[in-house]
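Trainee: Could you walk me through this one while I have it open? I'd like to begin with a ligand and then look at one residue.
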Amino acid sequence: MATISSRPIAGHPHDDHAHPSYLHPKGGFWTTVWDWMSTVDHKKIGVMYLFAILFMFFVGGVAALLVRLELFTPTVVTGGVAQGQELASLWGLDARNWAEGNNVYNRTMTLHGLIMVFLVIVPSVPASLGNFLLPLMIGAKDVAFPRLNLASWYVYLLGSMFAIIAIIMGGVDTGWTFYTPYSTTTDADSLKVVWMVLAAFVLGFSSIFTGLNFIVTVHKLRAPGMGWFDMPLFVWGIYGTALIQVLATPVIGITLLLLIFERLFHIGVFDPRLGGDPVLFQHFFWFYSHPVVYVMILPGMAIMNELISGGARKKIFGYRAVAFSTLAIAGISFIVWGHHLFTSQGEVSAVIFSALTYLVAIPSAVKIFNWIATLYKGSINLNTPTLYALGFLFLFTIGGLTGLFLGSLAVDLHLHDTYFVVAHFHYVMMGGTIIAFVGGIHFWWPKMFGKMYNENWARLGFVLVFIGFNLTFFPQFIMGTQGMPRRYASYVPEFQIYHQLSTVGSWVLALGFIAHLFTFVHSLVAGRKADPNPYGLLTLDWSQTSSPPIEHNFEHEPVVTHGPYDFDDVVPPQTRPGEFPLPKASPDSKH
Amino acid sequence: MAMIDLGQHGSGSPPGHDHHGAEDLSRPYHERYHAAHHYNDREHEFDAVKMGIWLFLATEILLFSGMFCAYAIFRLMHPEAFINGSHHLDWRWGLLNTIILLMSSYWVAAAVRHAQTGNMKWLKINVVLTFFAGAGFLFIKFVFEYAKKIREGLLPGRFYAYGGDATPFEPLWWGVYWGATGIHATHVIVGMGLFAWIWLRARKGHFGPTHYTAVEGVGLYWHIVDIVWIFLFPLLYLIH
Amino acid sequence: RRRFKPRHIPRFGPGYRQGGIQLSTTMNTMLSLADGRSWLHNIWFLTRGDSSQAADTDNLFMFIMWVSIITFVLLLIPIVYFPIKYRRSKQATNYAQSPAHNTLLELTWSVVPLMIMIPMFFWGFEGYISKVAAPTDAEEIHIRGQMWNWTPTYRNGANTDLVARITESETDVPVIYVPAGRPVKLIMSSSDVIHSFFVPDFRTKMDVFPNRYTSMWFQPMRESIPGPGGKWVNEDESSPDFRKPYPGTGHWVFCAEYCGTKHSEMGAWMVVLPPKEFELKIHELATKFPEGSWAKAGQTLSTRKGCFQCHSVDGTPNSGPTWKDMFGATHTYTDGDSQVVDEDWLRTHILYSQKKILSGYAGQNMPIFAGQIKPLEIDAIIFYIKSLSNKTPQAELDKANQTPDFSKPAE
Ligand code: HEA
Ligand code: HEA
Ligand code: CUA
Ligand SMILES: [Cu+2]
């Protein structure tokens, strides 16, 4: 029977009475506002990130809804009047002017992609939940460099501002991949594209700061007694992510810099006419952007570990396998970028990249299998977080398996840049990361805000999202296979039926998210108070902190004496639901 | 884990703002300094800071290696343009700058050692020397090299206005040259700023045998800047 | 309609390939579905792959599809079953300690997927090679992509005549003719940004770059069936789908690399002709007397004959004298004496350019067109050159702008 002993933190200000939660206002309104703006508390920064990212997700999502609206009809002219230029008419433009209509579409589509990637999914989990939970989970009082953490938050805001400037100037139409020479020649008379590229560049720094901070935190600030394999797997996931962030982002940095030079000074590095090479840009871009897709998924998988073990209240099956698979994914992710360039030239290197692509699938497979094995003989609580975890297993597996089609050279020559690819990456990014993210938000909501949410509304939200998601994106696999290219503002009528299914799906999806929006707001204003450890879990964030945690996280610096998932040790079998004896922090224990 | 200093709860803030209020200001700063509250002690904090610095340097190296990649690829694509282009560079200035940076490297190393041994006077002297080495480097680069190129119109891309005969794609070479040296020069300028900061703190007596991480970090940064130049010099000036 | 013997698909060497196809077939028959390839295949691809490699690609796709379906179903069972069986309310009866890990089990589920993936990779690799390495005897067609159009140029220099519409935007897209049953190699380049030539029915695409040539090839397996009136495209102005290709008379070509405003209108309609008809077609395209006025026809012909490689029409100097204001001007020869450029000066110099060389153009030998060009064509070109000169009398200009009337022989 393991216990958690702990000792008081020496010299802690006013040790005698209990401390207020980190949410407790510091004084009058403006004092509080300033306190938040200038805070170095990882929890506050995490919460600010969370709301910024959710907001950006909604913006990107609304853009997505517009994209779907446009695609509801192929462009058809009847009686000289264009239908199928929904966006153009929505923007009050002449719907008969195809160029205008297409431009509006291309800009909306690019806007959606850029926001979702650079402003939502890359920072999403690490910067919000990661920031909030990482120190709690390893028993630290803060991240290694709190000021750097705050800096990364303001850099994120700066980057978003640049993006917004570009959008106000009319938006860019490069596609999120900025392929040259198009990106260096479009809108030649304006600085829009430069602003947008600058935004991506700046956001890169925010991501580097966060990653660097987390690596050092995990290395140096683990609580006494917490070895590498006593860390919750969430921490492992975030750690792997941080490694990729730090090692891959500088490369996109120099690439985007060159892109800007190219645009402003025509230095010609990517312009074939001047002796440059557009394919070189693609190599540089994907050398960053493939690893980044694992920056997107690893945190999602990190959350999955906690949702699964917490939902089934069971030790993760094959802890070490899961931990190492994280590192394996991080490592291999650096050598598969070429699978985005199969159609660029008939290169032999493509063969190697194809092989490596299959290799990188294995660690993901391992994780999936381990999670399913973890459910076996568990005590599964079908609350919203667990539902989302199961949803992840369903959707990510589809997304991953379709990745195997794309990894197969001959098949990719057909599927490349079709809606099959679009569907693939929505199944992994939306169906993987975002689903896990939303699940995670529900899971740690009580911890973050000390309030419970309404389970039934949340469940309803999940059902709508799950159905809507599949309805939106599954048809895209089929039309992609039939040859529907991506980034098309108009299309041949053959594909209309699938597009219409997809559009209807996106509406259901939106309803689902509105339901969640409602749940969260309702919980904040009218939610019932949450107790410190509502699920009865053993990781420090639950077992050792109040909900919400105090400013310095722990009343007593925890000393870890058992693994994060050792339910079997502390929980006698045959206990009734809710009867889990929860290890309580005992102030009196030895120093 | 060592548990020294548990007595005092540091805030990382300079003395005076300390929770324990009044404090004997006669003791030098570096002895009064408390680790930030989430560290056990100073060693613990400096450890972390050092690791952070190393990671940051790793990103710097990656950034430059991206640039060297580009150089290599374009050199393979247009060797003649690169060779002819490099003929416009005067290797003597390059060599002089290399020597200057190497000396500065020595001085910065010395500065770190003096910080460790608590020899403030020589710490400051070496920092100043390094600062002026950087200044000298930039002076040569701008006055004797950039200025000449600008006059001759040996500029990247659309500013390229060279009168004499040039191989095709030479503007590309100049793009690479200005890009590489430009980014490097920016790093030198930043470095000089950092040394100014170190010098100010040294004057306030912030450093001492137990408290020199900042000096060490800036020193490491400066070494990277040097190493990058050590690569740039032969690649740009010497290989024909 | 004749079917053709597929060529250049990799031999069914390694057994894994039949194995893969076998899997699809058995799965279909197991699910009591007759034809080995059709039903699920038809959900995913409306059409059967229409080129020799397309069939192979489809087989590979269906193999991966079946592997994925089986894997997915096998995983779905516990994903659905466990949460119900081991739900919290049944904890007291179910909850049990279980091994933290099981090396054998974990090894199995790491190695088995790897094994399954090896054929996927290998098959895809062979298919890829067969798609990029074109046979030497292939019919070569040059494709130029520019925002936002494709321009085919056939071996005899002919371009396409017929245009279609991919959507109802104003953009016209060309009809591209290819011979059935023969390997066709496309040699592609772009004049602006990156495009990508995508023929869904042939299951292949290749990016098209500026200042660089990429190539792809395919062997169309079936001749296209012409629509009403033997036409490929609806050419009746009154009809609502004017310019729309008749469904099933060919294959869509899309641009698959994002290239800006009309990326989605940048397509083509690819028609597969029997080899003989193909030869006739491109010969006709190359030789048919062009539409429009004499001058217009002359311009088109000059393009076909490649005159503009040396002669400019706006006065810019080139390896041949410019045609601007040429007619009526006085030209001096290398040997000193000079002559005014009039109609038969032009005729003789087009036919026998080497007879007398203009000063300044020594060594620039223009081809001899005698026997290469028909009298009518010469007339048209001469009319065109006249129309470019400010010294041409008005009467001549008017004639140049009339459309030729072949009922009476041209003077
Ligand atoms: C979260 C992000 C994410 C993730 C995790 C992945 C995961 C994978 N991706 Fe994906 N991908 C993207 C995001 C992502 N991708 C994006 C954004 C693009 C498009 C970019 C653009 O062009 O705009 C893209 C494009 C893309 C391409 C290029 C397509 C093209 O443009 O032509 C390819 C090709 O190989 C590919 C492959 C894979 C593979 C093999 C995996 C693997 O890691 C998947 C591994 C998982 C599994 C395999 C499922 C679980 C395993 C099992 C259930 C065990 C059973 C398995 C077997 C029996 C084999 N992806
Ligand atoms: C994290 C990444 C992410 C996420 C979550 C999404 C989410 C969605 N995406 Fe996509 N998408 C990309 C990343 C992402 N996307 C990328 C990278 C591209 C490529 C861009 C390119 O080609 O350059 C792309 C491209 C892309 C396309 C292809 C465009 C084209 O190629 O022409 C489509 C088309 O259907 C699409 C649709 C959607 C839809 C319907 C959702 C939905 O899931 C959205 C769900 C969210 C909402 C519905 C908002 C929820 C909130 C509300 C609605 C609240 C109510 C508020 C109000 C109504 C004010 N996305
Ligand atoms: Cu051309 Cu897209
Ligand atoms: Cu990838």
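Trainee: Which residues are the closest to ligand 2?
Mentor: Bearing in mind that this is a predicted model, the closest are Arg68(A), Tyr105(A), His112(A), His426(A) and Arg487(A), out of 34 residues that surround ligand 2.

Trainee: And how do those 34 residues divide into nonpolar, polar and charged?
Mentor: The shell around ligand 2 holds 23 nonpolar residues, along with eight polar and three charged ones.

Trainee: What is 2.5 Å from an oxygen atom of ligand 2?
Mentor: That is a polar side-chain atom of Tyr105(A). In addition, an N or O atom in the side chain of Gln476(A) is 3.2 Å from an oxygen atom of the ligand, and for the side chain of Tyr419(A) the corresponding distance is 3.4 Å.

Trainee: Which elements give two or more residues to that shell?
Mentor: In chain A these are α2 (42-70), α4 (98-121), α15 (419-449), α16 (455-481) and α17 (496-526).

Trainee: Changing topic, where is His290(A)?
Mentor: His290(A) sits in helix α10 of chain A, which covers residues 278-312.

Trainee: Buried or exposed?
Mentor: His290(A) counts as buried, because its relative accessibility is 3% and the cut-off for buried is under 20%.

Trainee: What does its side chain pair with in a polar contact?
Mentor: The side chains of His290(A) and His339(A) are joined by a polar contact of 3.1 Å. Setting aside neighbours within four places in sequence, His290(A) is also in contact with Ser333(A), Val336(A), Trp337(A) and His340(A), as well as with His339(A) itself.

Notes
Residues numbered from 1 in each chain as written. Chains lettered and ligands numbered in written order. Predicted model: local features only at pLDDT ≥ 70, side-chain atom pairs only at ≥ 80, totals over all residues. Heavy atoms only, no water. Helix = DSSP H or I, 4+ residues; strand = E, 2+ residues; numbered from the N terminus. Buried < 20%, exposed > 50% of the residue type's maximum accessible area, 1.4 Å probe, protein only. Polar contact = N/O pair within 3.5 Å; in protein donor to acceptor, adjacent residues only side chain to side chain. Contact = heavy atoms within 4.5 Å. Near = heavy atom within 4 Å. Nonpolar A, V, L, I, M, F, W, Y, C, P; charged D, E, K, R; others polar.
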